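Me: Pick one helix in this model and take me through it slowly. I'd like its surroundings spelled out, cut-offs included.

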Amino acid sequence: MNPPIHRNPITAVESPAVGVTIDGLTKNFGTFQALKNVSFTVEPGEIFVLMGPSGSGKSVLLKHIVGLEAATAGRVLINGQDATAEHTLERIRIALVFQAGALFNSLSVYDNLALYPREHRFGDEATIRDKVMRALQILSLENSAQKFPSELSGGMRKRVAIARALVMEPQLMLYDEPTSELDPVMSATISEIIATLKDEYHVTTIVVSHDRELALGIADRVGILMGGELVFLGPPASLRQPADPRIADFFHPRIDLKNPRFKTLET
Ligand SMILES: Nc1ncnc2c1ncn2[C@@H]1O[C@H](COP(=O)(O)OP(=O)(O)OP(=O)(O)O)[C@@H](O)[C@H]1O
Ligand SMILES: [Mg+2]
């Protein structure tokens, strides 16, 4: 049975939508270049899907947007303001759903979700409870409110992380692999949530994902990183038959049983 989709998952985003500019972003870790002069703009209210092979720099890029990494060169602007400036992050509500969830293990699911609204005084406990239970319901987690993260499956933890981000009522929503570890029905639910937030609340969204269906289904534009370089920027339709052989290989890797690539790893 499909989990029900509840409309109006969040309630109070009234601030203007947020635009993001990645401007010549370069990040070195020692001598290793994780990002190489990456530039693109995400328009207010847009859904931008960032794709690319493992290790291509997707998560590192997201961390620059929330100020968790400092650029070696270049900058990230949010509504024209430097993302690393404290006042930018204070004024603009940004939620990042981390790849591994990043839940507080000592707190129940309910308290993980209630933490931010309590700290930011979203209302009395009854109001917060409504928001938390609503978000749990959207993600079919209403029976897990009193559980602890260690008692959940990987996919459930991922959904708790998404529910926690929804409760923050963000203007800018960043997801790192939101559909990995989820079954196809739950993946479709996440895609619907992302699209609903855009349509009804104009939430600007950046999704890091390997999920081509999600990209083709909900992205306004797609960027593809390879080896820290932005090798594609454009509408998802152009990914159906990509001209660039690197991108074609990424989406349709050929399995060569006569000459498997892992053999080349043997010395
Ligand atoms: N703090 C760090 N110190 C050193 N190297 C790092 C650090 N963070 C990331 N890297 C390196 O930067 C590169 C890009 O990492 P990143 O996490 O952005 O990859 P990704 O594209 O998100 O991959 P995946 O799809 O596997 O999540 C990797 O080679 C990684 O080892
Ligand atoms: Mg990653």
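**Helix α3 up close**

Reply: Right after α3 comes Arg121, which has a positive phi, near 50 degrees. (Helices here are DSSP runs of H or I, at least four residues, and strands are runs of E, at least two, numbered from the N terminus.) Some ground rules: this is a predicted model, with local features needing pLDDT of at least 70 and side-chain atom pairs counting only at pLDDT 80 or more, while totals for chains, interfaces and linings use all residues. Residues are numbered from 1 along each chain as its sequence is written, and chains are lettered from A and ligands numbered from 1 in the order in which they are written.

Let's begin with Val109, which sits in α3, residues 109-119. Val109 has 27 C-beta neighbours inside 10 Å, so it counts as buried; the cut-offs are 20 or more other C-beta atoms within 10 Å for buried, 12 or fewer for exposed, and partly exposed in between, with C-beta atoms placed from the backbone. Leaving out residues up to four places away in sequence, Val109 touches Leu141, Ser144, Ala145, Lys147 and Val160, where contact means backbone-placed C-beta atoms within 7 Å. C-alpha to C-alpha, Val109 is 5.8 Å from Phe148, although their positions lie 39 residues apart in sequence.

Val109 has company: Asn112, Leu113, Ala114 and Pro117 of α3 are buried too. The buried residues of α3 pack against α4 and α5, so let's take those partners in turn.

With α5 (residues 154-167), α3 packs at about 25 degrees, the axes 8 Å apart. Axes are lines fitted to C-alpha atoms, for helices over the stretch in contact, and angles run from 0 to 180 degrees between N-to-C directions. That makes α3 and α5 roughly parallel (under 35 degrees; over 145 is roughly antiparallel, 65 to 115 roughly perpendicular, and the rest oblique). α3 passes α5 in a right-handed crossing, meaning the near helix is turned clockwise from the far one by less than a right angle; anticlockwise would be left-handed. On the α3 side the contact uses Val109, Asn112, Leu113, Tyr116 and Pro117, and on the α5 side Val160, Ala163, Arg164 and Val167. By class, the contact of α3 with α5 has seven nonpolar, one polar and one charged residue. Nonpolar covers Ala, Val, Leu, Ile, Met, Phe, Trp, Tyr, Cys and Pro, charged covers Asp, Glu, Lys and Arg, and polar covers the others, Gly among them.

Now for α4, residues 125-138. α3 meets α4 at about 130 degrees, with their axes 10 Å apart, which makes α3 oblique to α4. Their crossing is right-handed. From α3 come Tyr110, Leu113, Ala114, Pro117 and Arg118, and from α4 Ile128, Lys131, Val132 and Ala135. Sorted by class, the contact of α3 with α4 holds seven nonpolar, no polar and two charged residues.

How do α4 and α5 meet each other? Their axes come within 9 Å and cross at roughly 140 degrees, so α4 and α5 are oblique to each other. α4 passes α5 in a right-handed crossing. Lys131, Val132, Ala135, Leu136 and Ile138 in α4 face Ala163, Leu166 and Val167 in α5. Here the contact of α4 with α5 splits into seven nonpolar, no polar and one charged.

Definitions and conventions: Two residues are in contact if their C-beta atoms, placed from the backbone, lie within 7 Å.
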